[in-house]
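Got the model loaded in your viewer? Here is a short tour, stop by stop, with something to select at each one.

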Amino acid sequence: MNYCLMCQGRINEYFDFAWVLSLQQPRKSFLCKNCHNNFMILINHPNCPGCGRRMNKKELCVDCKKWEKIYDDLLGNTALYEYNEAMKTYFERFKFMGDYYYFNIFNEELKTVIQKKYSKGWLYVPIPLSFQSFQIRMFNQVEALFSGLKLTDLLVVKSCEKIQQSKLNRRERLTMSQPFILNTHSGVKVEATNIVLLDDIYTTGRTLYHAAIIMKNAGAREIKSITLAR
Ligand SMILES: [Zn+2]
Ligand SMILES: [Zn+2]
């Protein structure tokens with residue numbers, strides 16, 4: 001018997017038609033149907049082609065119009081879910097209470113989406129954690145969410161970076177200077193490669209665009225991103 005990670009209730013396995021027709025091995029569920037319904041799937045709704053934010057129709061949001069003026073190419077972020085109350089609770093438990101096991105809830109889904117959208121010829125580059133955050137949490141939540149994929153560590157947080165993003169307000173976050181440098185020890189040539197940046201939450205886009213600049217300067221050809229939430 002499985003128990004739901006969010007509410008600890010029993011999970012009655014449910015098999016929909018899609019599953020029956022796909023003839024796949026049943027996947028282990030980590031959420032009951034009620035809790036699953038509390039998460040808002042974005043990719044089936046009209047959304048902003050720049051960041052994945054939910055919109056009334058497919059058009060660039062205000063934030064992305066700003067990014068478009070600063071950068072030539074938008075990241076075309078794919079976000080799986082809306083950052084709503086359920087997602088907030090999820091991240092409180094996973095990130096701030098540091099419960100590693102919670103990566104399981106979305107891991108399969110993230111892997112499926114990324115492998116469908118960016119299969120051959122793309123490098124998967126996770127947003128790194130500062131040394132200080134790592135010491136608190138003891139794991140990188142982005143690497144956990146995307147575990148099972150071949151990840152390439154091309155980014156390092158500058159050692160002077162002591163600020164935790166979650167402690168900054170929106171304005172401070174937007175003006176924060178470049179926190180990353182290129183990982184010269186990776187042994188991977190970035191020139192002319194296609195990169196998918198991986199992060200947990202797309203908030204202002206600042207972190208991902210910082211990362212994108214490093215990749216662009218290192219000679220990457222195309223740079224996209226994917227996040228669990230927006
Ligand atoms: Zn539940
Ligand atoms: Zn947008």
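Before the first stop, one definition: two strands count as paired if DSSP finds at least two bridges between them. Keep in mind too that this is a predicted model.

**Warm-up: the whole chain**

Switch on the cartoon and you'll have 9 helices and 8 strands to look at. Colour by burial, and 49% of the 230 residues count as buried. Contacts reach a long way along the sequence: among those between residues at least 6 apart, 73% join residues at least 24 apart.

**Stop 1: a parallel pair**

Select E4 and E7. The two strands run parallel and are joined by 5 bridges, which clears the bar of at least two for a pair. For one rung of that ladder, pick tyrosine 124, whose bridge partner in E7 is valine 196.

Now show the side chains of E4. Which of its faces are covered? Both are: Trp122, Tyr124 and Pro126 lie on one side, Leu123 and Val125 on the other, and all are buried. That accounts for 5 of the 5 residues in E4.

**Stop 2: the largest nonpolar core**

Next, select Tyr90 and Leu228. Within the largest nonpolar core, which has 38 residues, these two touch the most other members. The elements giving two or more residues to this core are strands E3 (78-81), E4 (122-126), E7 (194-201) and E8 (222-229), along with helices H4 (85-96), H5 (104-117) and H7 (141-145).

Stay on leucine 228 and expand the selection to its contacts. Setting aside neighbours within four places in sequence, the partners of leucine 228 include Ala79, Leu80, Tyr81, Met87, Tyr90 and Phe91. Also on its contact list are Phe106, Leu110, Leu145, Asp199 and Asp200.

There is a second, separate core of 29 residues, and Cys51, Leu197, Leu208 and Ile223 are among its members. Nonpolar side chains tend to be buried together in soluble globular proteins.

**Stop 3: helix H9**

Leu208 also belongs to H9, where it is one of the buried residues. Select residues 206-217 to see the whole helix and try a ruler on it: at 1.5 Å a residue, its 12 residues should span 16 Å, and the end C-alpha atoms are 17 Å apart, which agrees.

How many of the 12 residues in H9 are buried? The count is 9, so call this helix mostly covered. Among them are Arg206, Tyr209, His210, Ile214 and Met215. Just after the helix, check the backbone of glycine 219, which takes a positive phi of about 100°.

**Stop 4: zinc ion (ligand 1)**

Which residues hold this ion? The protein donors are the SG atoms of Cys4, Cys7, Cys32 and Cys35, lying 2.3 to 2.4 Å from the metal. Angles between the 4 donor atoms run from 103 to 116°, which makes the arrangement tetrahedral. Along the chain the spacing reads C-x2-C-x24-C-x2-C.

Cysteine 4 and cysteine 32 link distant parts of the chain, 28 residues apart. Cysteine 4 sits in the loop between E1 (2-3) and E2 (10-11), cysteine 32 in the loop between H1 (17-22) and H2 (33-38). Both are buried.

**Stop 5: zinc ion (ligand 2)**

Finally, select Cys48, Cys51, Cys61 and Cys64, whose SG atoms coordinate this zinc ion at 2.3 Å. Here the donor angles are 104 to 115°, which makes this site tetrahedral. The sequence spacing is C-x2-C-x9-C-x2-C.

Cysteine 51 and cysteine 61, 10 residues apart, each sit in the loop between H2 and H3 (62-70). Both of these cysteines are buried.

Notes:
Residues are numbered from 1 along each chain as its sequence is written. Chains are lettered from A and ligands numbered from 1 in the order in which they are written. This is a predicted model: local features need pLDDT of at least 70, side-chain atom pairs count only at pLDDT 80 or more; totals for chains, interfaces and linings use all residues. Side-chain values use heavy atoms; hydrogens and water are left out. Donors are N, O and S atoms within 2.8 Å of the metal (3.2 Å for Na, K and Ca); water is not among the atoms, so sites may look incomplete. Four donors count as tetrahedral if all angles lie between 85 and 135 degrees; four count as square planar and six as octahedral if opposite donors are over 155 degrees apart and all others between 65 and 115; anything else is irregular. Helices (H or I, at least four residues) and strands (E, at least two) are DSSP runs, numbered from the N terminus. Buried means under 20% relative accessible area, exposed over 50%, partly exposed in between (1.4 Å probe, protein chains only). The expected span of a helix is 1.5 Å times one less than its number of residues. A nonpolar core is a set of buried Ala, Val, Leu, Ile, Met, Phe, Trp, Tyr and Cys residues joined through side-chain atoms within 4.5 Å. Contact means heavy atoms within 4.5 Å.
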